[in-house]
Amino acid sequence: MKWKITEDILYGADYNPDQWLNRKDILDEDIKLMIEANITVISLGMFSWSTIEPTEGNYTFTWLDNILDSLYSAGIRVFLSTPSGARPSWLAHKYPEVLRTAPNGQRNIFGERHNHCYTSPVYREKLTIINRKIADRYAKHPAVIMWHISNEYGGDCHCELCQEGFKKWLKEKYKTLDNLNYAWWSIFWSHKFTNWEHIHSPVPHGDQTLHAKNLDWKRFVTYMTVDFMRSEIETLREVSQNIPVTTNMMQVQDNPEADYLLDYWKFKDHIDVSSWDSYPAWHLPGHSFIAESIQDIPVNDFRRASEVAFHHDLYRCIGDGHFLLMESTPTNVNWQNISKLKKPGMNILTSLQAIAHGSNSVQYFQWRSSKGSSEKFHGTVVDHSGSNKTRAFKESAKLGQILKELKPLSASNYKADTALLFNWENRWAFENSQGPINTRQKAYLETIKKHYYSLWNQGVQMDIVSGEESLNRYKVVVAPMLHMLSTQMVGILTSFVANGGKLITTYQTGYVNDTDLCFEGGVPGPLSDILGIKVEAIDVLHQFENIEIIDGKTQKSYTVNDYYEIVETTTAKTLATFKGGVADGKPAITTNKFKKGEAIHIAGRVTTEDLNLFYSDIIKNSSLNSSQEEIKSFTGNLNFQIRSDNNSQYLFIMNFTDKEETFETSFNYKDMNNDQSGNNWEIEGYGIKILLKHID
Ligand code: GAL
C-alpha cells in the first residue's frame with residue numbers, strides 16, 4: 001500500500017456518460033449539476049468496453065477525451081476504470097472461451113456482466129490491449145487520480161481452462177498425489193486419486209463431499225481472481241507507477257451459499273486503496289442475525305448500522321487504515337425484495353458513518369438514472385425528471401457541502417486496540433462441514449456480527465483481522481467460532497497471548513487444520529494449552545430445549561442457544577458453569593493464564609443481551625479504547641465513533657432511530673456544523689453530529 005491519503009474528503013458517483021453520447025444537452029447539464037451538487041470525483045468507464053472498442057481493434061476515445069476534459073475543467077477528478085466487468089458482444093461471439101462455464105459444464109452465452117472466465121488467455125489478452133490503450137492515453141490526464149480496477153469481481157468458472165488451472169495450482173501446493181490424498185482424506189469412500197488428470201472442480205453431478213477439495217476450489221478461485229486482477233494492474237503500472245489502484249469490494253453475503261468465493265484478505269497486498277460498495281437494507285423489518293431471528297421483529301436500523309460498521313472496519317483494515325466508500329445509493333436500490341427509499345436525513349447519516357469509520361470518500365451508484373434496462377429504477381442523484389429540485393438532489397448537494405467542510409478531517413485516523421477476527425477460509429470450512437447443525441443456524445458470519453454488535457454498541461473501536469497478521473498491537477482479540485486453525489494462525493494467536501494479550505474464543509474453535517483434517521488429540525487442537533481446556537463433545541439444542549450458563553461470581557444466568565460444548569479444564573479456571581442438559585455442572589466460561597496473557601473460552605452460544613454484559617466486564621477490566629469515556633450520559637440508542645490526528649479528536653455521534661435524543665459529553669466539544677461549543681447536546685432522529693476537541 002503506498003497510497004497518500006487524499007487531502008480532502010472525496011464526493012462523487014459512478015457516471016455512465018456512454019449511455020448519453022447522442023445527448024450533448026444532457027452531458028452539459030451533468031457538469032452543471034455536478035458542480036451544484038458539490039461533486040469532486042467521478043468513477044468512469046467500468047462498463048464502456050463496447051463504446052471504446054465497438055468492433056475488434058477499432059478504438060474510439062474522442063468521447064472519453066471530451067468527458068475527461070470537461071470534468072477536469074469543472075474541477076472534478078476521476079477514478080478511471082478498466083472495462084473488464086462486462087464485454088462487448090463481438091468479443092463473446094468470436095471468442096466463446098471468454099464466457100463462463102457453469103458447474104454442469106454448460107458454457108454461458110453472451111449477456112449479463114461478470115460473465116467471464118478469469119483463466120481465459122484470450123480474455124486476458126484482449127483486456128490487456130484495451131487496458132494498455134487506456135493507460136497510454138490517460139495516465140497523464142490531470143483529471144485521473146486513481147485506476148478503478150474492474151467492477152466487483154466475483155464468482156467461478158468450471159471450463160476446461162479452469163480445470164487445468166486448478167490442477168496446476170494443486171500440483172504446486174501439494175507436490176505429490178500422496179500429499180494431496182492425505183490432505184484431502186480422499187481414501188474416504190474410495191475417492192483416492194491416482195492421476196492428477198482425474199481431479200475435477202466440485203460440481204453437483206460429480207463430487208461435493210470432499211470438503212478439503214471444496215475448500216481448495218474456493219482458494220483457487222480467489223487465487224485466479226487475484227491473478228487476473230494483478231494482470232490488469234500490471235498493464236496499468238507499466239505505463240503509470242504513480243497512480244494508485246483500487247477495486248471495489250462487496251458486502252459479505254449473509255447467505256453462505258451466495259458467497260462470491262473471494263477471500264478479500266488476499267487482495268490486500270495487490271491494491272493501493274481499499275474500497276467497497278455499501279447497500280444495506282435500511283428501514284426493513286428485522287436484521288440478519290439468524291440465530292435470533294423472529295419473523296415480526298421491528299425495524300432495527302440501529303442494529304443494521306452495526307452490520308454496516310463491521311464492513312467499514314473490515315475494508316479499512318484491508319486498506320491498512322484507510323478506505324473509500326466507492327458505491328452507495330442516495331435513495332434506494334432496485335434489487336432488494338422491497339427496495340425502500342432512505343428516510344430524510346438517512347443519506348447524510350449513513351454517508352458520514354463511513355467517514356466516522358475511516359473512509360475518505362462518499363460515492364454513489366450512480367449519478368444519473370439510466371433510461372432503460374435493469375437498473376433504470378435504481379436511486380440516483382439525478383433521476384429521470386432531470387431536476388435539481390428533488391429531495392435526492394437537494395440532500396446530495398447538502399452532503400457535498402458538509403464533506404467540503406470536513407476537509408481538516410481527511411488526515412485523521414481511526415484507532416483501535418481491540419480486534420475481531422473474521423476469516424473467509426474459516427467460514428468456508430465451517431459452513432461446508434456436516435454436523436451437528438446443518439442449516440443457516442450454523443451462523444458463523446452472524447455470530448461475528450453479534451460479537452461486533454456488543455462491542456460497537458458499547459463504543460469500542462475495533463479493527464477486523466484475518467488472524468494471518470501480527471496481533472501484538474491489540475489488547476483484546478475476539479475470535480468467535482475459529483473452527484479451522486492453520487499453523488500460521490496458531491503461531492500468531494500463541495504469540496499474542498504469550499505477549500500479554502487477551503484472547504476470547506467460543507464453541508466451535510479448533511476442530512480442523514487448514515486442509516480440513518481433524519486434530520488428533522481432539523478439540524481445541526493446538527489451542528488446548530493456551531485455553532487450558534479439552535472439549536470432550538459438542539451438542540446442539542432444539543428451540544424448545546433450555547439450558548443456561550450460571551456465572552460463578554454473580555450467579556447471573558445466560559441463555560444458551562444452538563451450540564454448547566462439554567469441556568474439561570486442564571489449567572483453566574472456571575468462571576461460569578452450565579445448568580441443564582448433558583453438560584450440567586460443567587465449565588461454560590473458562591479463563592486461562594498463559595505466559596503474560598489470558599485466554600477466555602465461552603463454550604455455549606449466548607444471546608446478544610448476555611454478550612453485552614460479558615463484554616462490558618471485558619471493557620472495564622482491559623480498559624479498552626472506547627468512545628464511552630467521552631460521553632457522560634445519553635438517551636436512547638446512539639452510536640459513537642472517533643477519528644483523530646495529533647491535534648484533534650473528532651467525535652461522531654449517530655442516531656439510527658427516528659427519535660430525537662440527547663447526550664452529554666465528558667469534555668467541552670465544538671460542533672463542526674455551527675461552531676457552537678458545550679457539553680449538552682440534542683440530536684434529531686436519523687441525525688449525526690461531528691464534534692471537535694483539540695488535544696495537546
Ligand atoms: C453494484 C454495482 C453497480 C450497480 C449497483 C446497484 O453492486 O457495482 O454497478 O449495479 O450495484 O446497486
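Here are four short exercises, with worked solutions, on the predicted model shown above.

**Exercise 1. Get a feel for the whole protein: how many helices and strands are there, and what does the radius of gyration agree with?**

Step 1. Start with the secondary structure: the protein has 16 helices and 25 strands.

Step 2. Next, look at the extent of the C-alpha trace, which spans about 75 × 75 × 45 Å along its principal axes.

Step 3. Now compare with a simple expectation. A compact globule of 696 residues would have a radius of gyration near 26 Å, and the protein has 26 Å, so the two agree.

**Exercise 2. Find which residues surround the ligand, and sort them by class.**

Step 1. List the residues with a heavy atom within 4 Å of the ligand. They are F47, R113, N151, E152, D277, Y279, E327, W335, F365, E375 and H378.

Step 2. Sort this shell: four residues are nonpolar, two are polar and five are charged.

Step 3. Look for side chains that place an N or O atom close to a ligand oxygen, using 3.5 Å as the cut-off. For N151 the distance is 3.1 Å, for E152 it is 2.5 Å, and a polar side-chain atom of E375 lies 2.3 Å from an oxygen atom of the ligand.

Step 4. Finish with the cover: on its own the ligand has 310 Å² of accessible area, and the protein covers 94% of it.

**Exercise 3. Describe the largest cavity: what is its volume, and which helix gives the most to its lining?**

Step 1. Search the whole structure; six cavities of 30 Å³ or more turn up. The largest has a volume of about 180 Å³.

Step 2. Go to its lining of 22 residues, where S278, P280, W282, T329 and K342 lie nearest the centre.

Step 3. Trace the lining back to helices. Helix 9 (301-318) and helix 10 (346-356) each supply at least two residues, and helix 10 gives the most, with four.

Step 4. Classify the lining of this cavity: 10 residues are nonpolar, 10 are polar and two are charged.

**Exercise 4. Do the same for the second largest pocket: which residues lie nearest its centre, and how does its lining divide by class?**

Step 1. Note the volume of this pocket, about 800 Å³.

Step 2. Of the 29 residues that line the pocket, K218, P256, E257, A258 and N432 lie nearest its centre. Helix 8 (211-239) and helix 12 (424-432) are the elements that give two or more residues to this lining.

Step 3. Divide the lining of the pocket by class, which gives nine nonpolar, 12 polar and eight charged residues.

Notes:
Residues are numbered from 1 along each chain as its sequence is written. This is a predicted model: local features need pLDDT of at least 70, side-chain atom pairs count only at pLDDT 80 or more; totals for chains, interfaces and linings use all residues. Side-chain values use heavy atoms; hydrogens and water are left out. A residue is near a molecule or strand if one of its heavy atoms lies within 4 Å of it. A polar contact is a pair of N or O atoms within 3.5 Å; within protein, one must be able to donate a hydrogen and the other to accept it, and residues adjacent in sequence count only if both atoms are side-chain atoms. Accessible areas come from the Shrake-Rupley method with a 1.4 Å probe; for residues, only the protein chains shown count as cover. Ala, Val, Leu, Ile, Met, Phe, Trp, Tyr, Cys and Pro count as nonpolar, Asp, Glu, Lys and Arg as charged, and the others, Gly among them, as polar. On a 1 Å grid over the protein atoms alone, a cavity is a set of points where a 1.4 Å probe fits but cannot get out, and a pocket is an open set with protein on both sides within 12 Å along at least five of seven lines; lining residues have an atom within 4 Å of a point. Grid points are joined across faces, edges and corners, and a volume is the space filled by probe spheres set on the points. The radius of gyration is taken over C-alpha atoms; the globule rule is 2.2 Å times the number of residues to the power 0.38.
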